[in-house]
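Ready to practise reading a protein model? Work through each exercise on your own first, then compare your steps with the solution.

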Amino acid sequence: MERQTIFEKLNEIFIDVLDLDEVELTDATNANDIEEWDSLSHIQLIVAIEKSFGIKFTSLEIMKWKNVGEMVNSIEEKIG
């Protein structure tokens, strides 16, 4: 799956989970950039992403992410 396709899918997930009208995720996007992205919604996002892509993340992987780009890197590794 191409990186752009992953971003498109993530955009849809973020819009749905965070109840946003629209969002344009980039590699540098982080929780500070999106007001609705708090600790509770972070868990909801992880669950929705895992379900959508059919993957599972470890706690260590999730804790290492500093931005959406690192999240996408993890997704790419898992769906290879």
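## Charges, a helix and some rings

The model you are looking at is predicted, so keep that in mind as you go.

**Exercise 1.** Find the salt-bridge partners of Arg3 and say where each one lies.

*Solution.*
Step 1. Begin with the general idea: side chains of opposite charge can pair when their charged atoms come close.
Step 2. Apply the cut-off, which asks for a side-chain nitrogen of Lys or Arg within 4 Å of a carboxyl oxygen of Asp or Glu. Asp27 passes, as its closest N and O atoms with Arg3 are 2.6 Å apart. This pair joins distant parts of the chain: Arg3 is in helix 1 (3–18), while Asp27 is in the loop between helix 1 and helix 2 (39–53), 24 residues apart.
Step 3. Glu76 passes too, with 2.8 Å from N to O in its salt bridge with Arg3. Glu76 belongs to helix 4 (residues 68–79) and Arg3 to helix 1, so this salt bridge ties together parts that are 73 residues apart in sequence.
Step 4. Put the pieces together: Arg3, Asp27 and Glu76 are linked in a network of salt bridges.

**Exercise 2.** Decide whether each member of that network is buried, partly exposed or exposed, then do likewise for the salt bridge of Glu50 and Lys56.

*Solution.*
Step 1. You need two limits: buried means under 20% relative accessible area, and exposed means over 50%.
Step 2. Asp27 has 39%, so Asp27 is partly exposed. Arg3, at 25%, is partly exposed, and Glu76, at 27%, is partly exposed as well.
Step 3. Now turn to Glu50 and Lys56, whose side chains meet in a salt bridge at 3.9 Å, N to O. Glu50 has a relative accessible area of 11%, so Glu50 is buried. Lys56 has 62%, so Lys56 counts as exposed.
Step 4. For the full tally, the model holds 4 salt bridges.

**Exercise 3.** Describe helix 4: its span, its ends and its buried residues.

*Solution.*
Step 1. Helix 4 has 12 residues and spans 16 Å from its first C-alpha to its last, close to the 16 Å expected at 1.5 Å a residue.
Step 2. Look at the N-terminal end, which Asn67 caps with a side-chain oxygen 3.1 Å from the backbone nitrogen of Gly69. After the helix comes Gly80, whose phi is positive, near 25 degrees.
Step 3. List the buried residues: Val68, Gly69, Met71, Val72, Ser74 and Ile75. Their cover includes helix 1, helix 2 and helix 3 (59–64).

**Exercise 4.** Classify the aromatic pairs, and find the lysine that sits over a ring.

*Solution.*
Step 1. A pair of aromatic rings is described by the distance of the centres and the angle of the planes.
Step 2. The whole structure contains 2 aromatic pairs. In one, the ring centres of Phe14 and Trp37 are 5.1 Å apart and the planes stand at 85 degrees, so the pair is edge-to-face. Phe14 is in helix 1 and Trp37 in the loop between helix 1 and helix 2, 23 residues apart. Phe14 and Trp37 are both buried.
Step 3. Phe57 and Trp65 also make an edge-to-face pair, with 4.8 Å centre to centre and 85 degrees between the planes. Phe57 is buried, and Trp65 is too.
Step 4. The lysine is Lys9: its charged end sits over the ring of Phe53, 4.5 Å from the ring centre.

Technical notes
Residues are numbered from 1 along each chain as its sequence is written. This is a predicted model: local features need pLDDT of at least 70, side-chain atom pairs count only at pLDDT 80 or more; totals for chains, interfaces and linings use all residues. Side-chain values use heavy atoms; hydrogens and water are left out. Helices (H or I, at least four residues) and strands (E, at least two) are DSSP runs, numbered from the N terminus. Buried means under 20% relative accessible area, exposed over 50%, partly exposed in between (1.4 Å probe, protein chains only). The expected span of a helix is 1.5 Å times one less than its number of residues. Contact means heavy atoms within 4.5 Å. A polar contact is a pair of N or O atoms within 3.5 Å; within protein, one must be able to donate a hydrogen and the other to accept it, and residues adjacent in sequence count only if both atoms are side-chain atoms. Rings of Phe, Tyr and Trp (its six-membered ring) pair if their centres lie within 6.5 Å; planes under 30 degrees apart count as stacked, over 60 as edge-to-face and the rest as tilted. A charge sits over a ring if NZ of Lys or CZ of Arg is within 6 Å of the ring centre and within 35 degrees of the ring normal.
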